[in-house]
Amino acid sequence: MRLRRLSHEAEYFTHLTGLSSSLRQSSLILAELSGIPVEERREAAGRLAAVSDEADAAESAVLRALRENYATPIDRDALYRLTNALCQTTHRLESVGFALSSSAFEQLPVGVLEMLAVLSNATDQTHSMLKRLPGKPDQWQYVESMSRLFYRAEALHLQVSDAVPAARRGLAYLAAATLLGQTFYEAARSFTSIGTVVAEVAVRES
């Protein structure tokens, strides 16, 4: 059952927009990381921690609003889990940045640039979805898009962490590539977690 819309709606969606802005900022830093010398990557990756702190603050603001107001623009449980999934995804992108900044990567593994493009696409679609969500709760197109992107990310995960070519460059490179592939996979899966909550909102609210 859809709850009555109150003036607090704008506050919730303002914080959700803040979380999506953190995602976009993280994606931009990851793109920067892929194009700078290896000795400069750690400094750039360090900026991701500050972005994650901003996401944590936005999540905390939503939790305070949930404590203070019973009526919410969408189901309370879904609102909490959507907020948490957005925040967790920001942290997953931070993990990608840490793995990407490894000194083992004089040259990035095959598939990294395409994987970053997948994450950037997911980030942009998430930002657009959250802008539409207040007036259109049934965001099925977003749900379907996140599923398709995850399937592509699964294939790229295998490519990035392929042990055969990585092993030829030494054990340090192999370990770094394996970690990078795993962080890519977890980041992509986080976007599907957002999609799962968005699907539940669509079922309940539309």
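Is Glu200 buried, exposed or partly exposed? At 26% relative accessibility, Glu200 falls into the partly exposed class, because that class covers whatever lies between under 20% for buried and over 50% for exposed. The model looked at here is a predicted one, and Glu200 is a handy way into its charged pairs, since it forms a salt bridge with Arg81 in which the closest N and O atoms are 2.1 Å apart. That pair ties together distant parts of the chain: Glu200 belongs to helix α7 (residues 171-205) and Arg81 to helix α3, with 119 residues separating them.

Arg81 has another partner. Asp77 also forms a salt bridge with Arg81, and here the closest N and O atoms are 2.9 Å apart. This one stays inside a helix: Asp77 and Arg81 both sit in α3 (residues 76-100), and because they are four residues apart, about one helical turn separates them. As for surface exposure, Arg81 comes out as partly exposed at 25% relative accessibility, and Asp77 is partly exposed too, with a relative accessible area of 39%.

In total, the structure holds nine salt bridges. Another of them joins Glu114 to Arg152, with 2.7 Å between the closest N and O atoms. Again the pair spans distant parts of the chain, Glu114 being in helix α4 (residues 112-132) and Arg152 in helix α5 (residues 140-160), 38 residues apart. Glu114 counts as partly exposed at 38% relative accessibility, and Arg152, at 36%, is partly exposed as well. Elsewhere, salt bridges link Glu32, Glu43 and Arg47 into a network.

Now for the nonpolar side of things. In soluble globular proteins, nonpolar side chains tend to be buried together. The largest nonpolar core in this model has 62 residues, and the members that touch the most others are Leu82, Leu180, Phe184 and Ile194. Helices α1 (9-33), α2 (38-68), α3, α4, α5 and α7 each put at least two residues into this core. Helix α7 supplies the largest share, with 14 residues. Phe184 shows what such packing looks like up close: leaving aside residues up to four places away in sequence, Phe184 touches Val96, Val112, Met115, Leu116, Leu119 and Val160.

Aromatic rings add a few contacts of their own, and the structure holds two aromatic pairs. In one, the rings of Phe105 and Tyr173 have their centres 5.3 Å apart and their planes at 90 degrees, so this pair is edge-to-face. Here too, distant parts of the chain are brought together: Phe105 lies in the loop between α3 and α4, Tyr173 lies in helix α7, and 68 residues separate them. Both Phe105 and Tyr173 are buried. The other pair is Phe150 with Tyr185, whose ring centres are 5.5 Å apart and whose planes are at 50 degrees, so it counts as tilted. It links helix α5, home of Phe150, to helix α7, home of Tyr185, across 35 residues. Phe150 is buried at 13% relative accessibility, and Tyr185 is buried at 18%.

One last contact mixes charge with an aromatic ring. The charged end of Arg42 sits over the ring of Phe98, at 4.7 Å from the ring centre.

Terms used. Residues are numbered from 1 along each chain as its sequence is written. This is a predicted model: local features need pLDDT of at least 70, side-chain atom pairs count only at pLDDT 80 or more; totals for chains, interfaces and linings use all residues. Side-chain values use heavy atoms; hydrogens and water are left out. A salt bridge is a side-chain nitrogen of Lys or Arg within 4 Å of a carboxyl oxygen of Asp or Glu. Buried means under 20% relative accessible area, exposed over 50%, partly exposed in between (1.4 Å probe, protein chains only). A nonpolar core is a set of buried Ala, Val, Leu, Ile, Met, Phe, Trp, Tyr and Cys residues joined through side-chain atoms within 4.5 Å. Contact means heavy atoms within 4.5 Å. Rings of Phe, Tyr and Trp (its six-membered ring) pair if their centres lie within 6.5 Å; planes under 30 degrees apart count as stacked, over 60 as edge-to-face and the rest as tilted. A charge sits over a ring if NZ of Lys or CZ of Arg is within 6 Å of the ring centre and within 35 degrees of the ring normal.
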